Amino acid sequence: CSVFDTIFAHEHLQDQLFSVLDRDESLNPLLAGYFSKIVTCLLNRKTYETLAVMQKKDMLTRLLQHIGTFSIMELLLKLLHATEEMRGPGEELEWIYSYDIVQKLLSRFSSDYDSDVHAHVAHVLVGILHMSNACQCTLTAQLREPTYVNTLIDLIIAGPGSARQHA
């Protein structure tokens, strides 16, 4: 029995681990780094189980809430990459695609968010585009939709404040 098995056998340990993201204020970067490393290990060792817990706990919303923290941005990118690598028959991962992560990322370019959030969102979007080199990426297909391309062009031309029109 490993530590990973213990975490998945006891829901209160999952709750305790993921409670790191329950804060409304910005996260302690050191704590966020440790959290990211633990969740990355869980993703690597028990991918389906970790994704199931993340779906149940609405982790995409919570990760996006803290995307201004570098380690959380990295974790989101690893999560999206793991999802694309596992893509296949079945609908166990459809919750990630139906979340409309691309639109939610683009909405973070609003002037309501600071430059760290903008930089991290840009990094995730570039990461999604890089994924398309390795696989038929559903997220890249979403990013290529005319609505999102239009939003990106508006952002390039007018700056971050224009994202409000498309959010």
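This briefing describes the fold, one helix and the salt bridges of a single protein chain.

The model is predicted, and its secondary structure consists of eleven helices and zero strands, so that no β element appears in the order of elements, which from the N terminus on reads α-α-α-α-α-α-α-α-α-α-α. Of the 167 residues in the protein chain, 46% count as buried. Among the contacts with a separation of 6 or more, 67% are accounted for by residues 24 or more positions apart.

**Surface of the chain**

- The protein chain exposes about 8900 Å², and carbon and sulfur atoms supply 54% of that area.
- A nonpolar patch on the surface is formed by Val149, Ile153, Ile156 and Ile157, which together have about 420 Å² of accessible area.
- One member of this patch, Ile153, has its place in helix α11, and Ile153 counts as partly exposed because its relative accessibility is 41%, a value that falls between the cut-offs of 20% for buried and 50% for exposed.

**Helix α11**

- Helix α11 covers residues 146–158, and its 13 residues reach 18 Å from the first C-alpha to the last, which is close to the 18 Å expected at 1.5 Å a residue.
- The buried residues of this helix are Tyr148, Thr151 and Leu155; seen down the axis of α11, the buried residues fall within an arc of 55°, and they therefore line one face of the helix.
- As background to this spacing, an α-helix has 3.6 residues a turn, so residues three or four places apart point the same way.
- The partners against which the buried residues of α11 pack are α8 (101–107) and α10 (138–143).
- On the other side of α11, the exposed residues are Pro146, Ile156 and Ile157, and of these Ile156 and Ile157 also belong to the nonpolar surface patch.

**Salt bridges**

- The structure holds four salt bridges, and three of them are described below, each involving a lysine and an acidic residue.
- In general, side chains of opposite charge can pair when their charged atoms come close.
- Lys46 forms a salt bridge with Asp5, with the closest N and O atoms 2.8 Å apart; because Lys46 lies in the loop between α3 (29–45) and α4 (47–56) while Asp5 lies in helix α1 (residues 3–9), the pair ties together parts that are 41 residues apart in sequence.
- Asp5 counts as partly exposed, because its relative accessibility is 30%.
- Lys56 forms a salt bridge with Glu11, and here the closest N and O atoms are 2.8 Å apart; since Lys56 lies in helix α4 and Glu11 in helix α2 (residues 11–18), this pair ties together parts that are 45 residues apart in sequence.
- Within that pair, Lys56 counts as exposed at 58% relative accessibility, whereas Glu11 is partly exposed, with a relative accessible area of 39%.
- The side chains of Lys57 and Asp15 meet in a further salt bridge, at 2.3 Å from N to O, and this pair links distant parts of the chain, with Lys57 in the loop between α4 and α5 (59–65) and Asp15 in helix α2, 42 residues apart.
- Lys57 is buried, because its relative accessible area of 12% lies under the 20% cut-off, while Asp15 counts as partly exposed at 38% relative accessibility.

Conventions: Residues numbered from 1 in each chain as written. Predicted model: local features only at pLDDT ≥ 70, side-chain atom pairs only at ≥ 80, totals over all residues. Heavy atoms only, no water. Helix = DSSP H or I, 4+ residues; strand = E, 2+ residues; numbered from the N terminus. Buried < 20%, exposed > 50% of the residue type's maximum accessible area, 1.4 Å probe, protein only. Contact = heavy atoms within 4.5 Å. Areas by Shrake-Rupley, 256 points an atom, 1.4 Å probe, with all protein chains shown as cover. Expected span 1.5 Å × (residues − 1). Arc of directions from axis to C-beta. Patch = residues over 30% accessible without salt bridge, like charges linked within 9 Å, V, L, I, M, F, W, Y side chains within 5 Å.
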